[in-house]
Amino acid sequence: MFYREAGDFKTSYLQDGQTFPIRFDRYRYYAVLAFGFLVVPFIINDYWANAILLPFLIYAIAAVGLNILTGYCGQVSLGTGGFMAVGAYACYKLMTAFPEVSMFIHVILAGGVTALVGVLFGLPSLRIKGFYLAVATLAAQFFLVWLFNRVPWFYNYSASGQISAPERDVFGIILTGPNAPAWATYLFCLIFLTLAGLIARNLTRGTVGRSWMAIRDMDIAAEIIGVNPLKAKMTAFAVSSFFVGISGALFFSIYLGAVEVGEAFGIQKSFLVLFMVIIGGLGSIFGSFAGAAFLVVLPVVLKLLGVDLLGWPTDIVAHFQLVIVGALIIVFLVLEPHGIAQLWRVVKEKLRLWPFPH
Amino acid sequence: MLDQAEGYITDDGRKIGGVVMEMKNITLRFGGVVAIKDISFDIREGEIRAIIGPNGAGKSSMLNVISGFYVPSEGEVWFRGEKRPPMRPYEIARQGIARTFQNIALFEGMSVLDNVMTGRLTQMKSGLFSQALWKGKAEAEEIANREIVEQVIDFLEIQHIRKTPVARLPYGLKKRVELARALAAQPKLLLLDEPMAGMNVEEKEDMCRFILDVNDEFGTTIALIEHDMGVVMDLSDRVVVMDYGKKIGDGPPDEVRNNPDVIDAYLGVAHD
């Protein structure tokens, strides 16, 4: 019934390679984009922005980044938190050094700085893989957090050792600090997420994406058919870190406003984003979105259920929340190891035929 | 019949050119084990060259030396008139040597189309930014290479599984997709490591037909390892026979078939 390719003829290779080859899917995607850009900004309030939408948008960017590295190129990384911190501190230094420059440029440059750092810490991947690479990136995580704690230049010698975002704007619209309107911060992050999604999709469906996936699936064969492993792995680290850096910059400047590095970008952040990618589905852009949504919305829903509906004390609910989220992750991974993206693929297959059995 | 510089004409009228690849006194050691012992042979343009021998004779090692996966301990590899300097395998692929593997080495997580497209990676040069925007050079390059890939897909008759993930395919088709991936690179020298291993008679016949067609239509030079003697004797123009890392025979199939050393190696020899 839905998602049927019947009657939807492709007459060029360009059409055949497009992101949403099925017409129904394409229109649904346009509808979601239009709703996100044109409707949500008018109905958004501070609670929705801070509790759900901003964290979802920002984590989704990080998840897209990590998915490129781990899901598409097969290089396990536990350094996501550290790379987010690089993005955040780069953004902070840029914001304080060039106050008159647009936030857009700061955030993108922060991503660029993170890409360079990512390539540097990605170099061990040329010799080691799997668990050993995970340990090497873990070293990056701890080193970067230590660096930002210990070198006062990074936090501009502030007494608290924290960094806090000064008020900055884009075209006169305030984006950071306590006076920023919810719709502006939301739109700003949404633009970055949309761009990240588009770029990630374009890269993964083309030449670079194929060399990443070739390295992931069988690195020796990939090299023999002509993939330069150095180039493939380094571009994966660069692009991945670019997105993770942007997400870190937004997380600090737009969402939190003030950051203590060990707390905001610690090892638990690395694991959170890794869980998002695994639960959403490795090697799927949609999966990164779904995983981020799942792990951002689930705690909020559990809190609403426990505190508001059942009237339990907040601290008990907070603990239960951890237990339930953890249990759900295990149950989910046992039932569907390929994540929400795979679940969605199965649903689509079923919808093709629905309501008929064959 | 065999002219050193000019090449020769086969019985069925195909013209075989000069030497494309020459292995000079190749020796390959792994620690104390000598896998290949001082072997020399050449491969001529447009010919189908077979490497045969009993298990453990060093055939696959020889193919790995040609494709650059192993660097020979001693000896020289000459490709198209030039001595090959030490190179990474992907650089050798860029010179126009493509191969298939004994145990299928396809990228299981990708579709057939994407797998065959990876064969074109050596030819695709658009930059990261162009690809990120999917405009200009990246798009044009994708379409141009897709056309070549579609020709290969048509040629090998795998149109119907174009969008199928490779992991879902049966063994025989996987072998064919792997051949497609190697062909997509439009190689000057195609190496096939046991292209018919584990196939039934019909699949073998199909594969033989494809190998002959490739050689016939594109003039591709092919070097292959195969255990099925009927296939080898029918397909190949010249045969190298290896045993325990040494070359024990080299020449046209008929000559090799009657070589006493070869018969000993295959049938065993009485030790009394």
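This report walks through some backbone oddities, a pair of domains and one buried residue in a predicted model.

**Unusual backbone spots**

Let's start with a bit of background. Most peptide bonds are trans, and most residues other than glycine have a negative phi. Keep that in mind for the next three stops.

In chain A, the peptide bond running from A:Trp354 to A:Pro355 is cis, and its omega is near 5 degrees. If you want to find A:Pro355 in the structure, look at the segment after helix 15 (339–353) of chain A.

Two other residues catch the eye for their phi angles. A:Tyr157 isn't a glycine, yet its phi is positive, and B:Gln186, also not a glycine, has a positive phi too. Here they are together:

| Residue | Phi | Where to look |
|---|---|---|
| A:Tyr157 | near 55 degrees | loop between helix 6 (131–150) and strand 1 (163–164) of chain A |
| B:Gln186 | about 50 degrees | loop between helix 6 (171–184) and strand 9 (189–193) of chain B |

So how do their surroundings look? A:Tyr157 has 8 other C-beta atoms within 10 Å, and because 12 or fewer means exposed, that's how A:Tyr157 is classed. B:Gln186 has 18 other C-beta atoms within 10 Å, so B:Gln186 counts as partly exposed.

**Two domains in chain B**

Chain B is assigned a domain 1 made of 1–96 + 187–272, and a domain 2 covering 107–181. Measure from C-alpha centre to C-alpha centre, and domain 1 of chain B sits 28 Å from domain 2 of chain B.

Where the domains of chain B meet, eight residues of domain 1 are in contact with six residues of domain 2. On the domain 1 side that touches domain 2 of chain B, helix 2 (89–94) and helix 7 (201–218) of chain B each supply at least two residues. Helix 7 of chain B gives the most to that side, with three residues. What kinds of residues make up this side of domain 1 of chain B, nonpolar, polar or charged? The split is five nonpolar, one polar and two charged.

**A look at B:Ile39**

Now find B:Ile39, which is part of strand 4 (residues 33–44) of chain B. Is B:Ile39 buried or exposed? B:Ile39 counts as buried, because it has 23 C-beta neighbours inside 10 Å and the cut-off for buried is 20 or more.

Leaving out residues up to four places away in sequence, B:Ile39 touches B:Met23, B:Ile26 and B:Lys247. As for B:Val149, it is 110 residues from B:Ile39 in sequence, and their C-alpha atoms are 36 Å apart in space.

Technical notes: Residues are numbered from 1 along each chain as its sequence is written. Chains are lettered from A and ligands numbered from 1 in the order in which they are written. This is a predicted model: local features need pLDDT of at least 70, side-chain atom pairs count only at pLDDT 80 or more; totals for chains, interfaces and linings use all residues. Helices (H or I, at least four residues) and strands (E, at least two) are DSSP runs, numbered from the N terminus. Domain bounds come from an automatic or database domain assignment. Two residues are in contact if their C-beta atoms, placed from the backbone, lie within 7 Å. Ala, Val, Leu, Ile, Met, Phe, Trp, Tyr, Cys and Pro count as nonpolar, Asp, Glu, Lys and Arg as charged, and the others, Gly among them, as polar.
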